[in-house]
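Subject: The model we talked about

Hello,

Here is the structure I promised to pass on. Could you open it alongside this note and tell me what you think?

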Amino acid sequence: MALLSVVLLATACSPGAPTAEAYTVTDSAGITIVENQSPQWTTDGWTIDEDPEWVFGRELGSREGVPLETVAAIRALSGGRVAILDQGPNNIFIVDGGGETVEVFGGDGDGPGEFRYAGSLHVCADTVLVPNRGKVSAFVVGSGFVGFMDSPEPRPANGLRGVSSDCNLLLYQPNAGRLGAGDTGVYVWPTVWFNRTLDRSEIVYADSISGVRWAYFPGTDTPQIPRFPPWQPEPDKAVLDSLVIQGIERLPELRWHLPSGRIVKIVRWSQRPAPVTKKDENRYEEKRLRLFRDAGFGPVSEFRLPALDFWETVPSIKPYFDQVLVDDADYVWVLRDSGDIGWYDAVYPPFFEQPPQLWFVFDPVGRWLGEVTMPANFALHTVADGLAVGVMKDEFDVQTVRAYRIERH
């Protein structure tokens with residue numbers, strides 16, 4: 001591949017300022033490639049304040065605040081506001097910059113603007129989109145429910161993964177099935193942009209995962225359901241305007257895709273892989289025993305959490321990262337892999353003590369600035385207006401939403 005130009009990115013030395021080098025090349029196809037050999041921060045980087053700016057929800061032992069059950073998503077709106085999806089009562093809370101409730105949308109039911117299961121939450125401008133049972137409900141802050149963005153034709157609405165900043169494109173990740181024959185094969189996840197009427201689409205790219213085992217749900221004739229091995233890297237993505245920033249967790253790399261699918265930028269960083277150890281395998285078996293103890297041993301439990309020898313192969317290294325998000329200043333945040341079991345931890349949350357989340361931060365150019373450590377028991381969801389907003393769990397699994405100030409030294 002011919003290289004047209006090479007640029008060395010560096011900044012002046014001062015405490016906490018970027019000093020390391022990042023190399024940027026532009027290849028013959030016009031793709032900008034940023035190679036990060038080390039983080040830019042050589043001394044103090046960004047830190048999170050110890051005390052939150054605001055707390056939303058009801059803490060254990062308090063009579064004040066709204067009790068939260070299952071906070072599935074938090075998205076930033078303009079003016080310091082955030083939208084919070086609580087899947088327990090299927091409510092969407094609009095909270096202002098002080099943590100006070102502005103509006104409440106949704107609710108459990110089948111009426112306009114109600115849900116039986118709110119799949120996820122996405123925002124563009126002051127519009128809030130919630131997929132539910134093949135449709136996408138649209139709410140406008142200050143106006144409430146305004147209708148559906150989907151056409152009547154059934155679509156995989158719960159596969160909604162993002163929306164462009166102008167609200168004109170919806171990003172879906174439908175399940176495309178498998179390639180290959182037999183009990184194991186390759187699972188394919190295409191990522192597709194649809195316009196608002198869903199009569200035009202662009203396939204951005206398709207991610208594939210090998211080593212997937214196919215199984216029928218016990219006692220049913222349900223079509224084969226994929227079983228992903230533990231520690232299996234999966235695709236992850238974030239949306240910046242109409243760009244898709246995509247990564248496969250098996251590589252320390254992110255790719256910027258135009259709606260047409262063309263790659264315009266690749267950001268790489270040096271990171272050593274973490275091996276899957278015997279201790280990790282023992283933790284997996286402990287999780288299986290806990291499931292069997294709680295639900296009883298049988299075909300359903302064995303289907304949900306199979307033994308390690310169920311798969312032909314199990315990854316020997318863990319994914320490099322778990323999640324990607326973009327903040328309101330176009331910085332990219334990448335959640336370093338926590339070492340958990342993967343898909344099974346989403347379905348059956350970890351019962352082991354978890355280390356604080358560690359996020360890598362990349363500036364809009366793609367330079368790897370460094371690492372930011374979150375408070376203990378806190379899961380980051382969004383970064384906006386200088387605040388890290390996410391979910392805090394106490395030792396009794398009581399949830400609150402908290403916003404912490406980010407100190408940029």
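Below is what I found, starting with confidence and then going through the cores, a sheet, a hairpin and the aromatic pairs.

First, some ground rules. This is a predicted model, in which local features need pLDDT of at least 70 and side-chain atom pairs count only at pLDDT 80 or more, while totals for chains, interfaces and linings use all residues. Residues are numbered from 1 along each chain as its sequence is written, and side-chain values use heavy atoms, leaving out hydrogens and water.

On confidence, the protein chain has an average pLDDT (the predictor's confidence in each residue, from 0 to 100) of 85, and 86% of the residues score at least 70. Residues 1-6 have pLDDT below 50, with 15 contacts in the model beyond near neighbours in sequence; a contact means heavy atoms within 4.5 Å. Residues 10-19 are also below 50, and that stretch makes 23 such contacts.

Now the cores. A nonpolar core here is a set of buried Ala, Val, Leu, Ile, Met, Phe, Trp, Tyr and Cys residues joined through side-chain atoms within 4.5 Å. Buried means under 20% relative accessible area, exposed over 50% and partly exposed in between, with a 1.4 Å probe and protein chains only. The largest nonpolar core has 19 residues, and W46, W333, V372, M374 and L380 touch the most other members. Several strands supply at least two residues each, including strand 4 (46-48), strand 25 (332-336) and strand 30 (399-408); strands and helices are DSSP runs (E, at least two residues; H or I, at least four), numbered from the N terminus. Strand 28 gives the largest share, 3 residues. Beyond four places in sequence, M374 is in contact with I48, W333, P356, Q357, W359, L380 and A388.

Apart from this core lies another of 18 residues, with L243, V267, V326 and F360 among them. F360 sits in strand 26 and counts as buried because its relative accessibility is 1%. Its C-alpha atom is 5.7 Å from that of W333, although the two are 27 residues apart along the chain.

Strand 26 also belongs to an open sheet of 4 strands, ordered 24-25-26-27 with antiparallel pairing; strands pair if DSSP finds at least two bridges between them. Strand 24 (321-326) and strand 27 are the edges, each pairing on one side only. Strands 26 and 27 share 5 bridges, and W359 has V372 as its bridge partner in strand 27.

Towards the start of the numbering, strand 2 (residues 22-27) and strand 3 (residues 32-36) run antiparallel, joined by 5 bridges. A22 stands opposite N36. Their hairpin has 4 residues between the strands, and G30 takes a positive phi near 85 degrees.

Finally, the aromatics. Rings of Phe, Tyr and Trp (its six-membered ring) pair if their centres lie within 6.5 Å; planes under 30 degrees apart are stacked, over 60 edge-to-face and the rest tilted. The count comes to 23 aromatic pairs. F105 and F139 are stacked, at 5.0 Å centre to centre and 5 degrees between the planes. F105 lies in strand 9 (residues 101-106) and F139 in strand 12 (residues 135-140), 34 residues apart. F105 is buried at 5% relative accessible area, and F139 is buried at 2%. Ring pairs also link F105, F115, F139, F145 and F148 into a cluster.

Best wishes
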